[in-house]
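User: I am new to this structure. Please pick one part, take a close look at it, and then show me how the rest is put together.

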Amino acid sequence: MAGQDLQRREILRIMGMAGVAAHFPGFATWAFAHTHPASGPEQIKPAQYKPQFFSDREYALVERLTELIIPSDGTPGAREAGVAEFVDFMVAHDRSQQYKLRTGLTWLNAHAEQTLGGPFPALTQEQQIALLEPLAYKAKHRPGEEDGRQFFRAIRELTVMGFYSSQIGYKELDNPALRYYAESPACPHTGDPEHKHLAPAKW
Amino acid sequence: MPKQIYDVIVIGTGAGGGMASKTLTEAGLKVCALNAGRRLVPTKDFRNHRMPWDMKFRGFGDPDKQAQSYGFMDSEWVEGVWEHEIPFTMAPGTTWMWPRCFAVGGKTNFWGRSSARFGEIDFRAATLDGYDVDWPLTYEEIAPYYSRVERMIGVASTVQNRPSNPDGEYLPPFNLRCIDHILHSGAQKIGVPYLPDRIAQLTKDHEGSPACHYCGACTTGCDTGSFFSTPWRFLPKAEATRNLDLRTDALAKNVLVDENGVANGVAYIDRKTRQEVEVHGRAVVVAASCIETARIMLNSKSRHWPHGIANSSGQLGRNLCDHLYGESANGYLPQLLGQPSFPDNVGDNQVAWMPRWQNLQNPREEKFIRGYSVYPGGGCTEYPWYAVQTEGFGSSYKREVKRRYPTPVNFTIQAPSLRSDTNYVDLDPEAKDPYGIPLARIHFQWDENVLKMWEHSKQVCAELIRAAGGVFENSADEPAIPGWSLHETGTCRMGNDPKHFVTNRFGQTHDVPNLYACDASVFLNCTDKTTTISILAFTLRTCDQVIEKFRRGDHQRV
């Protein structure tokens, strides 16, 4: 039986690859972490990806926002996963979002100037976070920032989509999707159907 | 070239048409099957093993084209497979979502696979609660056909001894996951059933098809044929008999009749040449799926049938029913917070079900009549949908998304609408498709009874989450819009009285003895169960009749 399963998995693997090779045009320009050296984000040159919608300056700001939303901390974050490229690509194909995002970036810089005396990229990380918190948390919402909140909701959603659909995002969650099994996986906690006595949480 | 005449013309190759083509050709009859779309190539068209980062839009699809998508199944994984060229219209006040797959095999390529038998409680519902009429057959009559179908296609489940759900012949069930055990304990506390679903998905090698490999991507097609679909399991058998002529891109337009008003063929549009073609046969099986079947028959107008073929009752297209779908409740299970991930999505989350538990002893126990079932889901899915609802950003947010990953749960209701005179399909008097065929126009509203079920399910499912030690978060404000379930029934209902029913108890039209309907159009309503396995069982029974009529000479062999 085991031999048969192995054979079946091998067939599946080859079929899967043939499908991809025949029909997927490829994303040679899309940067993913596994193609980068592990030593740090500063080695990644933005010039590797030519934005399709945002200007270079806007794109740098988008990239900064994505890494504030999903940072590289103990594990790789949005920067290593190339999320800014995904955001740019999606917005380039989404006319309904373009105006909101472009004006949102302008609003963010103006807002930073007004409240902290410099454009968003010139602020310290602490200042940047302090500026975003009222947009992100209901308890910290401030009147007059509705447009900013709407913009942040949009960029955050795109960032989340881009990160958790990337290979790095899959690794982050240990996402078990699209693996093959010989039997349908069964709950391993026999004797504890209510799951009241599980080993302590890992995260 | 002499004009070729077939024994039977079958319109459609989905559950009904595929079963008809297989059964009739295996009995030696010469069949011409018409299919409105192309053949799929599993290695090309089913991208189910492709990771999101191997796809242009990561599986989310092109945003600028979202408005043209039917959503859900009509995704980047199966691009160009769902039908977009042939539109439909809606009467004022109706909203209707109608995803259709015209490729060979139809919706069996992507279906949900849940396969419960209808039971006596469904067939005799009118006797029990006084609404509408009973089905013109008993469970005992159809039961052997369900058994034959289950043996053919392979259904994984357990014997459950429930009054509304007759048991069948099953392969070993799917194993229950952590979320199932936790929800089961909650269900027990509030007294509702929580059981392995009945799934037409192979847990063992079966009839030459390999067992499932549990990749979880069933809704985008299966490239090993490990769940039932006609292109993998029936059509190769039909073609092996050399009695099948399968014509693709053949969009059926109308049933042709002879000088006596008896069916003698089908006119179709060859979508490649855009030419109209006629094909002739001694009997015609319409299996184009409920609404499409009504459209073809209503468009089959002649001197004999001025209002559509076999429509002397005026009931053709009437009595449209549908399953109300909607997310009755969602939440999460704190027991699993921070636990290692688990492959919960192995059968596309189709592992367990909560079969109808309402109105079983007393048909009027609840504020509504009849009943609904619920499909639970959740756990580690391909994409963490809850993440967009989770507040915040930064490391704390990233950690929370990871902590929550194994915990989400949700419940989807499947509730039948009641038959109504105001829910029906007719031909749009003006709008036509690109080939000049009048469009189907849909008239549909949810009824009060089904909306009461929806409200009831929201309460029960929230209660279940809490009883399981979980945190209830939301219920959808509104149910999904009609049509979303893909379980429409009616339009050619079966009954003994030719004045009130289009087809008889065998799916043969009362008016035209060599015209049959083999899809959910013959069902009296949609019950709380899914339709596919019943389409297969009823079609098998109809085909036994067709074969017998050819044998006896009621239909002349070619």
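Analyst: Buried residues make up 31% of the 203 residues in chain A. Keep in mind that this is a predicted model. Chain A holds seven helices and zero strands. Along the sequence its pattern therefore reads α-α-α-α-α-α-α, counting helices as DSSP runs. Among contacts in chain A between residues at least 6 apart in sequence, 58% join residues at least 24 apart.

The part to look at closely is helix α3 of chain A, residues 83-92. This helix is mostly covered, with nine of its ten residues buried. Start at Val83(A), Ala84(A) and Glu85(A), which are buried. Phe86(A), Val87(A) and Asp88(A) are buried too. Phe89(A), Met90(A) and Val91(A) complete the list. What do the buried residues of α3(A) pack against? Three helices of chain A take that role: α2 (56-69), α4 (95-116) and α6 (146-164).

Now step out to the contact between the chains. Chain B gives 62 residues and chain A gives 58 residues. On the side of chain B that touches chain A, the elements giving two or more residues are α2 (42-45), α6 (178-190) and α10 (395-404) of chain B. That side divides into 26 nonpolar, 21 polar and 15 charged residues.

Chain B has a helix pair worth a look. Helix α1(B), residues 15-26, packs with helix α12(B), residues 532-552, at an angle of about 35°. Their axes are 9 Å apart. The crossing of α1(B) past α12(B) is right-handed. From α1(B), the contact includes Ala15(B), Gly16(B), Met19(B) and Leu24(B). From α12(B), it includes Ile535(B), Leu536(B), Cys543(B) and Val546(B). The residues of this contact are ten nonpolar, four polar and no charged.

Chain B also has an open sheet of four strands. The order is β11-β12-β9-β15, and the pairing is antiparallel. β11 (373-378) and β15 (471-474) of chain B stand at the edges with a single partner strand each, so one side of each lacks a neighbour in the sheet. On average, neighbouring strands are turned by 30° against each other, direction ignored. Nine bridges join β9 (residues 323-332) to β12 (residues 408-416) of chain B. Tyr325(B) stands opposite Gln414(B) in β12(B). Helix α11(B), residues 448-467, packs on this sheet. It touches β9, β11, β12 and β15 of chain B, and its direction makes about 20° with that of β9(B).

Notes
Residues are numbered from 1 along each chain as its sequence is written. Chains are lettered from A and ligands numbered from 1 in the order in which they are written. This is a predicted model: local features need pLDDT of at least 70, side-chain atom pairs count only at pLDDT 80 or more; totals for chains, interfaces and linings use all residues. A residue is buried if 20 or more other C-beta atoms lie within 10 Å of its own, exposed if 12 or fewer, and partly exposed in between; C-beta atoms are placed from the backbone. Two residues are in contact if their C-beta atoms, placed from the backbone, lie within 7 Å. Ala, Val, Leu, Ile, Met, Phe, Trp, Tyr, Cys and Pro count as nonpolar, Asp, Glu, Lys and Arg as charged, and the others, Gly among them, as polar. Axes are lines fitted to C-alpha atoms, for helices over the stretch in contact, and angles run from 0 to 180 degrees between N-to-C directions. A crossing is left-handed if the near helix is turned anticlockwise from the far one by less than a right angle, and right-handed if clockwise. Two strands pair if DSSP finds at least two bridges between them.
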